[in-house]
Amino acid sequence: MFRAGSRRTQDTGPAAEALRLVKVSKTYGTDGGAVKALDGVTLGLGRGTFTAVMGPSGSGKSTLLQCAAGLDRPDSGIVQVDGTELTAGSEAELTRFRRGRIGFVFQQYNLLDTLTVAQNTVLPLKLAGQRVDRGRAREVLTQVGLGDRLGHRPGQLSGGQRQRVAIARALVAEPRVIFADEPTGALDTRSARDVLRLLQEAVRVHGRTVVMVTHDPVAASYADAVLFLADGRLVGRMDAPTADAVAERLAHLGDDVTVGV
Ligand SMILES: Nc1ncnc2c1ncn2[C@@H]1O[C@H](COP(=O)(O)OP(=O)(O)OP(=O)(O)O)[C@@H](O)[C@H]1O
Ligand SMILES: [Mg+2]
């Protein structure tokens, strides 16, 4: 029986992992048209870490994030978030867990145009059936620098501001893990930097765990570590990445051997 917390294994102390994947595989399509998007990915990420995921287009980065966040189900393997196994329960149980413990930021913001900034921000709390304190939206929007935009609609904001609303929405339920799929992909350099600093702050100040897919070596350099993916497999890891070192590694991705991290 899946319930948030009921699947906790031995260690739930501060050192426990925020995310664990064991031999996760995912194939799209069947027979001749089948694409193996993930091919036995095993990894573990500690709590309070900021990890970037990089690799060529089609290497499985988004699939990895979707499976890790419980938005998609792997064909085989185990996914644990904050000590709870996502791959074990029913759809309803998974949804409940996801709303409480996981935040997601997309490249194209995914805000609802008919709702105000404040309403968009507290939507996860409403969906989870929680009473929403009016001050909560203001608090979290102030944190991302939009405390004066509560009544605006997404259409009245710049791309960078919209993405900051999306980050506020990801933070509002105080999730353990935040997944971001190319969160700076549609932004100019300055807005990208604001978004990356917010994600970094979520980790360093608030102790959250962030996993971010990016194509940009500069964005990746904000993370504590980079995981490299190619053809659905983990092929490398770099700690304390610099933009130059990441760009260099990307250019030679095919030379690496498959690893588990
Ligand atoms: N819904 C789907 N149906 C069929 N194939 C899919 C689906 N989603 C992804 N794929 C395939 O799985 C592989 C991995 O896709 P994925 O989106 O994870 O790659 P990615 O690394 O995120 O690429 P990009 O950098 O272009 O976003 C690709 O070959 C892709 O075509
Ligand atoms: Mg992708």
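**Close-ups of a predicted model**

**View 1. The six-stranded sheet.** Here is an open sheet of six strands in the order 6-7-8-3-9-10, with mixed pairing; strands pair if DSSP finds at least two bridges between them. Strand 6 (102-105) and strand 10 (233-239) sit at the edges, each pairing on one side only. From one strand to the next, the twist averages 20°. Helices (H or I, at least four residues) and strands (E, at least two) are DSSP runs, numbered from the N terminus. This is a predicted model, where local features need pLDDT of at least 70 and side-chain atom pairs count only at pLDDT 80 or more, while totals for chains, interfaces and linings use all residues. Residues are numbered from 1 along each chain as its sequence is written, with chains lettered from A and ligands numbered from 1 in the order in which they are written.

**View 2. Strands 3 and 8, with two helices packed on the sheet.** Strand 3 (residues 50-54) and strand 8 (residues 209-213) run parallel and share four bridges. Look for threonine 51 opposite valine 211 of strand 8. Helix 1 (residues 61-68) packs on this sheet and touches strand 3, strand 7 (177-181), strand 8 and strand 9 (225-230); contact takes C-beta atoms, placed from the backbone, within 7 Å. Helix 6 (residues 189-204) packs on the sheet too, touching strand 3, strand 7 and strand 8, and its direction makes about 150° with that of strand 8. Axes are lines fitted to C-alpha atoms, for helices over the stretch in contact, and angles run from 0 to 180 degrees between N-to-C directions.

**View 3. Around ligand 1.** The shell includes Tyr28, Val35, Ala37, Gly60, Lys61, Ser62 and Thr63; a residue is near if its C-beta atom, placed from the backbone, lies within 6 Å. Helix 1 gives the most, with three residues.

**View 4. Helix 5, packed in.** Eleven of the 13 residues of helix 5 (residues 159-171) are buried, so this helix is largely enclosed by the rest of the structure. Buried means 20 or more other C-beta atoms, placed from the backbone, within 10 Å of a residue's own. Among the buried ones are Arg162, Val165, Ile167 and Leu171. They belong to a set that packs against strand 6, helix 3 (117-127), helix 4 (134-143), strand 7 and helix 6.

**View 5. The four-stranded sheet.** This open sheet is antiparallel, in the order 2-1-4-5. Two bridges join strand 4 (residues 76-81) to strand 5, where glutamine 80 has glutamate 85 as its bridge partner.

How values were computed: The expected span of a helix is 1.5 Å times one less than its number of residues. A residue is buried if 20 or more other C-beta atoms lie within 10 Å of its own, exposed if 12 or fewer, and partly exposed in between; C-beta atoms are placed from the backbone.
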